[in-house]
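Reader: Before I set up any calculations, I would like to talk through this structure with you. Could you bring it up?

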Amino acid sequence: ESPKHNTEEKLEKVCHLLDQEISYFNWTGFYFKNGDKDELKLGPYVGAPTDHTIIPYGKGICGQVAVSNETFVVPDVNEESNYLSCSIDTKAEIVVPIFKDGKNIGQIDIDSHTIDPFTAEDRELLEWLCNEVSKIL
Ligand code: SME
């Protein structure tokens with residue numbers, strides 16, 4: 001389900017914080033399951049506007065995480081065949097699923113302009129964060 005207005009403001013703040021604190025996070029946003037449809041809908045984000053406001057399950061890195069239920073770290077997007085390009089500047093991406101009551105209801109998506117930038121600590125931070133975020137959804 002799409003988050004409520006108040007929740008959207010909080011999620012936008014989370015995006016801004018990550019964007020400000022981690023130099024190689026260059027696009028930070030949330031996608032959520034779009035009602036009953038097997039597709040993701042873009043939620044709050046910080047960064048350049050993207051054409052990918054709706055992503056079918058299975059398509060791109062985001063769509064794959066929607067069905068795999070697992071964090072997907074992509075050190076080099078040019079190595080991925082099932083990838084949806086938002087910007088030619090994007091070199092790497094990490095997508096972490098968000099679970100509510102055991103269901104995969106959305107994700108956080110980070111793009112970087114640097115190749116292979118994401119550390120184990122980034123992954124741990126984002127997985128912790130997604131767990132925290134699920135509590136307000
Ligand atoms: N690159 C993503 C699409 C979303 S944009 O990065 C914001 C993908 O392959 O699913």
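Author: What follows is a short conversation about the ligand shell, the sheet and a few individual residues. Please note that this is a predicted model.

Reader: How many residues surround the ligand, and which are the closest?

Author: The ligand is surrounded by 14 residues, and the closest are G60, I61, C62, L84 and C86. Two elements, α2 (60-68) and β6 (103-112), give two or more residues to this shell.

Reader: Which element contributes the largest share of the shell?

Author: That is α2, with four residues.

Reader: And what is the make-up of the shell by class?

Author: Seven residues of the shell are nonpolar, four are polar and three are charged.

Reader: Let us stay with α2. Which of its residues are buried?

Author: G60, I61, C62, G63, V65 and A66 are buried in α2. Their cover includes β1, β2, β3, β4, β5 and β6. Just after the helix comes N69, which has a positive phi near 65 degrees.

Reader: Now the sheet, please. What is the strand order?

Author: The sheet is open and has six strands in the order β3-β2-β1-β6-β5-β4, paired antiparallel. At the edges are β3 (54-56) and β4 (72-74), each of which pairs on one side only. On average, neighbouring strands are turned by 25 degrees against each other, direction ignored.

Reader: Where does α2 sit relative to this sheet?

Author: Helix α2 packs on the sheet and touches β1, β2 (39-46), β3, β4, β5 (92-100) and β6. The direction of α2 makes about 30 degrees with that of β5.

Reader: Which strands does helix α3 lie across?

Author: Helix α3, residues 120-134, lies across β4, β5 and β6. Its angle to β5 is about 30 degrees.

Reader: How many bridges join β5 to β6?

Author: There are nine bridges between β5 and β6, and the two strands run antiparallel. One of the pairings is V95 with its bridge partner D109 in β6. These two strands form a hairpin with two residues between them, and D101 in the turn has a positive phi of about 50 degrees.

Reader: What about the other neighbour of β6, strand β1: how many bridges are there?

Author: Six bridges join β1, residues 27-33, to β6, again in an antiparallel arrangement. Here W27 has D111 of β6 as its bridge partner.

Reader: Why is β6 described as largely enclosed?

Author: Seven of its 10 residues are buried, so β6 is largely enclosed by the rest of the structure.

Reader: You mentioned W27. Is that residue buried or exposed?

Author: W27 counts as buried because it has 22 C-beta neighbours inside 10 Å. Apart from its neighbours within four places in sequence, W27 is in contact with G47, A48, C86, T90, I110 and D111. The C-alpha atoms of W27 and T50 are separated by 9.8 Å, although the two residues are 23 apart along the chain.

Reader: One last topic: where does I22 lie?

Author: I22 lies in the loop between α1 (5-21) and β1. This residue counts as partly exposed because it has 17 C-beta neighbours inside 10 Å.

Reader: What separates the C-alpha atoms of I22 and D38?

Author: They are separated by 32 Å, and the two residues are 16 apart along the chain.

Technical notes. Residues are numbered from 1 along each chain as its sequence is written. This is a predicted model: local features need pLDDT of at least 70, side-chain atom pairs count only at pLDDT 80 or more; totals for chains, interfaces and linings use all residues. A residue is near a molecule or strand if its C-beta atom, placed from the backbone, lies within 6 Å of it. Ala, Val, Leu, Ile, Met, Phe, Trp, Tyr, Cys and Pro count as nonpolar, Asp, Glu, Lys and Arg as charged, and the others, Gly among them, as polar. Two strands pair if DSSP finds at least two bridges between them. Axes are lines fitted to C-alpha atoms, for helices over the stretch in contact, and angles run from 0 to 180 degrees between N-to-C directions. Two residues are in contact if their C-beta atoms, placed from the backbone, lie within 7 Å. A residue is buried if 20 or more other C-beta atoms lie within 10 Å of its own, exposed if 12 or fewer, and partly exposed in between; C-beta atoms are placed from the backbone.
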